[in-house]
Amino acid sequence: MLVGTVVGNVWASVKDPTLEGLRMLVVKPFTTGDETAETIVAVDPLGAGVGERVLVVFGRAARHCIGKGHDVGFQTAVSAIIDRMELADGRTIGPVRAEDT
């Protein structure tokens, strides 16, 4: 699993039938410094918005969150919208970047 920030939405008019009705987001993994990370696409059953910090799970956990069992063609999903994180260096990470301290 990883923590990331929602940076966009994905729309697809042609997709696998198991993905019908599922909302997809572009998520950039959270990093603590200047390093960069590749974005991922995750199904969002919770309704997260652009700029929000989320917890993304993979594989079986993702299929469980999506709610379609093994009958879904996707293996990443948003499992939580983060309210706050506290890092070992004393920083507090908020639900959006503007609330970080």
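Colleague: Is Asp44 buried or exposed in this model?
Modeller: The model is predicted. Asp44 sits in the loop between strand 3 (40–43) and strand 4 (53–58). Its relative accessible area is 4%. Buried means under 20%, so Asp44 counts as buried.

Colleague: Which side chain makes a polar contact with the side chain of Asp44?
Modeller: Leaving aside neighbours within four places in sequence, Asp44 is in contact with Arg23, Leu25 and Val78. The polar contact between side chains has a distance of 2.4 Å. The partner is Arg23.

Colleague: Which backbone nitrogen does the side chain of Asp44 reach, and at what distance?
Modeller: The side chain of Asp44 has a polar contact with the side chain of Arg23. The side chain of Asp44 also reaches a backbone nitrogen. That atom belongs to Ala48, at 2.7 Å.

Colleague: Which residues make up the largest nonpolar core?
Modeller: This core has 10 residues. One of them, Val72, is in contact with Thr18, Leu19, Leu22, Arg63 and Ile66, leaving aside its neighbours within four places in sequence. The full set is Leu19, Leu22, Met24, Val43, Val57, Ala62, Ile66, Val72, Phe74 and Ala77.

Colleague: How many residues does the other core have?
Modeller: This core lies apart from the largest one. Among its members are Leu2, Leu25, Ala48 and Val54. Its backbone nitrogen at Ala48 is reached by the side chain of Asp44. The number of residues in this other core is 9.

Colleague: How far apart in space are Val10 and Met24, C-alpha to C-alpha?
Modeller: Val10 is in strand 1. Not counting residues up to four places away in sequence, Val10 touches Met24, Leu25, Val26 and Val41. Val10 and Met24 are 14 residues apart in sequence. Their C-alpha atoms are 5.3 Å apart.

Colleague: Why is Val10 classed as partly exposed?
Modeller: Buried ends at 20% and exposed starts over 50%, so partly exposed covers the range in between. Val10 falls in that range because its relative accessible area is 27%.

Colleague: Which residue shares a polar contact with Thr5 through their side chains?
Modeller: Thr5 is placed in strand 1 (residues 2–10). Its contacts, leaving aside neighbours within four places in sequence, are Val26, Val27, Lys28, Gly51, Glu52 and Arg53. The polar contact spans 3.2 Å. The partner is Arg53.

Colleague: Which residues lie nearest the centre of the largest pocket?
Modeller: About 310 Å³ of space lies in this pocket. Its lining has 15 residues. Strand 1 and strand 2 (24–29) each supply at least two of them. Nearest the centre are Phe30, Thr31, Gly33, Arg53 and Arg97.

Colleague: How many charged residues are in the lining of the largest pocket?
Modeller: The lining has 4 nonpolar and 4 polar residues. The number of charged residues is 7.

Colleague: Which side chain makes a polar contact with the side chain of Arg91?
Modeller: Arg91 lies in the loop between strand 6 (85–86) and strand 7 (92–93). Arg91 is partly exposed, with a relative accessible area of 29%. Not counting residues up to four places away in sequence, Arg91 touches Thr32, Met85, Glu86 and Thr101. The polar contact, at 2.9 Å, is with Asp89.

Colleague: What distance separates the C-alpha atoms of Arg91 and Gly59?
Modeller: Along the chain, Arg91 and Gly59 are 32 residues apart. In space, their C-alpha atoms are separated by 31 Å.

Conventions: Residues numbered from 1 in each chain as written. Predicted model: local features only at pLDDT ≥ 70, side-chain atom pairs only at ≥ 80, totals over all residues. Heavy atoms only, no water. Helix = DSSP H or I, 4+ residues; strand = E, 2+ residues; numbered from the N terminus. Buried < 20%, exposed > 50% of the residue type's maximum accessible area, 1.4 Å probe, protein only. Contact = heavy atoms within 4.5 Å. Polar contact = N/O pair within 3.5 Å; in protein donor to acceptor, adjacent residues only side chain to side chain. 1 Å grid on protein atoms, 1.4 Å probe; cavity = no way out; pocket = protein on both sides within 12 Å on 5 of 7 lines; lining within 4 Å. Points joined across faces, edges and corners; volume = space filled by probe spheres on them. Nonpolar A, V, L, I, M, F, W, Y, C, P; charged D, E, K, R; others polar. Core = buried A, V, L, I, M, F, W, Y, C linked by side-chain atoms within 4.5 Å.
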